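Student: I'd like a close look at one part of this complex. Could you walk me through it and then place it in the rest of the model?

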Amino acid sequence: MSHHISTLPTLLSVAGALLVLTFLTVAVTWINIPEPFNVIVAITIAVVKAAAVAMFFMNLYWDSKFNSVVFLLSILFLTIFVVITLLDTLFREGGLPVY
Amino acid sequence: MANQSVATEKKSHLQHHFVDEDQQFESSKMGMWIFLVTEVLMFGGLFVAYIIYRAWHPDLFYEAAQELDVALGATNTVVLIASSLTIALAIRAVQLDKIKAAINYMAATILLAGTFMVIKYFEYMDKFGKGIYPGESYTYDGLEHEMAANFFSIYYMMTGLHGIHVIIGMVLIGWMIIKAKKGLVHSGYYTPVENTGLFWHLVDIIWIFLFPLLYLID
């Protein structure tokens, strides 16, 4: 058996980092960051938090790399889903009046 | 003799179509990851709806998000992060054969998940009290925007589907506690606890995105 057993310091510091980032994501709304950048900052912090959870709580960092590939593929296909849909909805004249 | 009986006991979970315990563990875990991919894509549909509506009506999202309580949302984020930590500690405890500690950590996880749901319940009740229902039942007149109901339909669908996952997670962790009490999981075989942990962390990851996207629009 060569399973990775996370050490207590690792788990506690990842949880600590997540709490700090949660505070940060709320704190950045107190200063007014101009339009597109506030969303970018919020999403960047969320991505960092999600990556920390996936790597150190879900053990992807120590796992077979295939599992990371599988997970990243879901992000890739979600991105394709978003981009192709936006290519339609963003360029409609006047949007859809009903919605 | 004694050695042999230990070996048979540890091998008892091995299905005949796997080479060894490690291969069985890795296969099961890969299967769980593939399931998590389908979960990401299911929530993905809702995220796409969110992105399209926000692109169409940025002013609506700004206005409507003021109705959500940032303090409650932030508290729930902290609660879920704590529950992710406790389930990770539970897995570590099982790996080290500290079954009693593992049971306690899993019970703590269920307690935190329950806290999350109670806070969510009060948030929903506050909205319902104002007439903020999803879809056509929406009767709140505190928002100017004519599409206001759409924001809350998206809000209820995203947080509702997430809430259902929290409840499923609580049931799964409860099942793992029963397994642990029966002595069915230990350092040699803890695949179900590991996979339940993966599910629970994914629920946490989804909330990590929901919180800033719904509550923190400034």
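Is Phe35(B) buried, partly exposed or exposed, and why?

Tutor: Keep in mind that this is a predicted model. Phe35(B) counts as partly exposed because 13 other C-beta atoms lie within 10 Å, and being buried would take 20 or more. As for its place, Phe35(B) belongs to helix 2 of chain B, which runs over residues 21–56.

Now go from there to Phe199(B). Its C-alpha atom is separated from that of Phe35(B) by 9.2 Å, although the two positions lie 164 residues apart along the chain. Helix 7 of chain B covers residues 191–215. With 25 residues, helix 7 of chain B reaches 36 Å from first C-alpha to last, close to the 36 Å expected at 1.5 Å a residue. Helix 7 of chain B is also mostly covered, with 21 of its 25 residues buried.

That brings us to the core. The largest nonpolar core has 75 residues, and those with the most contacts inside it are Ala90(B), Val94(B), Met106(B), Phe151(B) and Ile206(B). Both chains feed this core: helix 1 and helix 2 of chain A each supply at least two residues, as do helix 2, helix 3 (58–65), helix 4 (70–95), helix 5 (99–129), helix 6 (148–181) and helix 7 of chain B. Helix 7 of chain B gives the largest share, 14 residues. So what does Met106(B) touch, leaving out residues up to four places away in sequence? Its partners are Ile87(B), Ala90(B), Ile173(B), Met176(B) and Ile177(B).

While you're in this part of chain B, have a look at Asp97(B), in the loop between helix 4 and helix 5 of chain B. Asp97(B) has a positive phi of about 65 degrees, though it is not a glycine. With 13 C-beta neighbours inside 10 Å, Asp97(B) counts as partly exposed.

Chain A has a residue to set beside it. Asn59(A) sits in the loop between helix 2 and helix 3 of chain A, and its phi is near 65 degrees, again a positive value in a residue other than glycine. Here the surroundings are another matter: Asn59(A) is buried because 21 other C-beta atoms lie within 10 Å.

Zooming out to chain A, you get three helices and zero strands, in the order α-α-α from the N terminus on. The domain assignment splits chain A into domain 1 (1–63) and domain 2 (64–99), and the C-alpha centres of these two domains lie 23 Å apart. The radius of gyration of chain A is 19 Å, whereas a compact globule of 99 residues would have one near 13 Å. Along its principal axes, the C-alpha trace of chain A spans about 60 × 35 × 20 Å. Just 19% of the 99 residues of chain A count as buried.

Last stop, the contact between the chains. It takes 38 residues from chain A and 37 residues from chain B. On the side of chain A that touches chain B, the elements giving two or more residues are helix 1 (8–27), helix 2 (35–57) and helix 3 (65–89) of chain A. Helix 3 of chain A brings the largest share of that side, 13 residues. By class, this side of chain A has 24 nonpolar, 13 polar and one charged residues.

Methods:
Residues numbered from 1 in each chain as written. Chains lettered and ligands numbered in written order. Predicted model: local features only at pLDDT ≥ 70, side-chain atom pairs only at ≥ 80, totals over all residues. Domains from an automatic or database assignment. Contact = placed C-beta atoms within 7 Å. Helix = DSSP H or I, 4+ residues; strand = E, 2+ residues; numbered from the N terminus. Nonpolar A, V, L, I, M, F, W, Y, C, P; charged D, E, K, R; others polar. Expected span 1.5 Å × (residues − 1). Buried ≥ 20, exposed ≤ 12 C-beta atoms within 10 Å, placed from the backbone. Core = buried A, V, L, I, M, F, W, Y, C linked by C-beta atoms within 7 Å. Rg over C-alpha atoms; globule rule 2.2 N^0.38 Å.
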